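Here are two short exercises to work through with the model on your screen. Try each task before you read its solution.

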Amino acid sequence: MSGELLDKVAIVTGGASGIGAASAALLAGEGARVVIADLQAGRDGPGRFVRHDVTVDESWKALLADVLGKEGRLDIMVNNAGIAGGPGTIETTTVGNWQQVQAVNSEGVFLGCKYALLGMKETGRDKQAAKGSIVNISSVAGLVSGAGPIAYTASKGAVRLLSKSVALYCAEKKYDIRCNSVHPGGVDTPIFNPLWQAVGHEQGKALLGARHPIGRMAEPEEIGEIVLWLASDRSSYVTGAEIAADGGITTGLVKRPPLAPS
Amino acid sequence: MPRLENKVVLLSGGASGIGAASARLVVREGGKAVLADRDHDKGRALAGELGAASLFVPLDVTDEAAWQKAVATTVDSFGALHGLLNAAGVGVRNSIEDCTLEEYRRVNDINSLGTFLGCKAAIAAMKQSGGGSIVNISSVLGLRGASYAMAYCASKGAVRLLTRHVALHCAQMKYNIRCNSVHPGYIDTPMIAPRLADTIGNMSGRQWLEELHPLGRLGRAEEVANMILFLLSDESSFSTGSEFVCDGGLTA
């Protein structure tokens, strides 16, 4: 720990579990004040919990008011909340399921970026020169399809491209706010609970792990380290980038696994 | 021999722009073109011009029942469905700061949900027709970002990835249905007419957009339609889940 994020304030959506919880712990470990924005509080960990629904505009308004009111600033936004939405192919997915998944994974990240800009501009000393970092968790399914759920795949493709639009917009406006997307492969998080319940945790991890060139799934902390780097000034020239952490899935000609639970 | 002999193709957004140019090529190459569009007047006029090999069906792409009806009408009229072009779409200027949730949802519903529903409805009929080819119009903005088109970028990124899902799903199921995305640059169609009339600095919107492309001009709808024709035909039989770019060098 170097304390390089001392005095910085971060919001982590979906911060109560999985990649969000690991990211929150790593950010807090470097001295950031972390707000865990989630539907439900998780196990004890660093960070202040604020109940939040990423799909609701009013919830974002309240969250930002809370953070600016109590913490006085916003430097880091990690748009991590997401759902798999269950198995669903092009043939079986309903409009209702499609819209539910887009609401969380795509609209939720859109709103997260929008409110991040509001908060970060407010933080900037002269309200023009804000400084901040937005980290959007997409997926390897936003880079390639593994014939996993179509609604999930489409939502992650949307996050990948909207991140670039936000990055370029902030650059043009000289906001000094960076925005990048992270594309994890299979990570041992509750998003795979249906698989764990079906075949057991260890066996499920082995099954999915074997379908990554690196031979195993990722631990949430391995993705959290990327979030931490993108959130910090160490990545100060990185914006609009798509950072894959996928155990090699997009690297070569591999038979791809379903990239979300089915 | 005509390149689409006896192939039946349903085209969303078929009344204008890239959709209309593609419909003309479908008919020229011996296929049947079903024009599905919100614009009844333009759709009927073009179908009338193209004659017995063409038909107009009304379609709001965000309405699943309307898609099912369009596919059913196609099969009832021409006996099968072999090709689908998802060309309907909206181009909207907005940024992360000025886009509302309602506007984000509207753009994504038309461009992304609409393409999803088109693929879903078509696959059911193509399975009965011995296979087929689906072409989804994404954009260069599904490959690269633009500050002034946030919701559009998101929707076209979704189309880019959902196309890969459809391709892999149909391959795994051995349906003999291929699916590819096409990524046009700025094409001189009604969609970008408002952009052409803009003024950017001391340039007209048209000049600005022309100079953006290394080829120094806008694309023509026929140029994209030629790529679509290749993808609809059996000439592209080993291409699926791929991104076909037609952008005057823009992403080079």
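**Exercise 1: the two sides of a helix**

Task: Which residues of α2(B) are exposed, and which residues of this helix are buried?

Solution, step by step:

1. Know your model. This is a predicted model, in which local features need pLDDT of at least 70, side-chain atom pairs count only at pLDDT 80 or more, and totals for chains, interfaces and linings use all residues. Residues are numbered from 1 along each chain as its sequence is written, and chains are lettered from A and ligands numbered from 1 in the order in which they are written.
2. Find the exposed residues (12 or fewer other C-beta atoms, placed from the backbone, within 10 Å of their own). They are B:D41, B:G48 and B:E49.
3. Find the buried residues (20 or more such atoms). Helix α2 of chain B, residues 40–50, has B:G43, B:L46, B:A47 and B:L50 buried. These lie on the same side of α2(B) because they cover an arc of only 100 degrees around the axis, taken from the directions from the helix axis to the C-beta atoms.
4. Look for their partners. The buried residues pack against α1 (17–28), β2 (32–37) and β3 (54–58) of chain B.
5. Step past the helix: just after α2(B), B:G51 has a positive phi of about 85 degrees.

**Exercise 2: counting in chain A**

Task: How many helices and strands are there in chain A?

Solution, step by step:

1. Use DSSP runs: H or I of at least four residues for helices, E of at least two for strands, numbered from the N terminus.
2. Count them: chain A has seven helices and seven strands.
3. Now check burial: 56% of the 262 residues in chain A are buried.

Methods: Contact = placed C-beta atoms within 7 Å.
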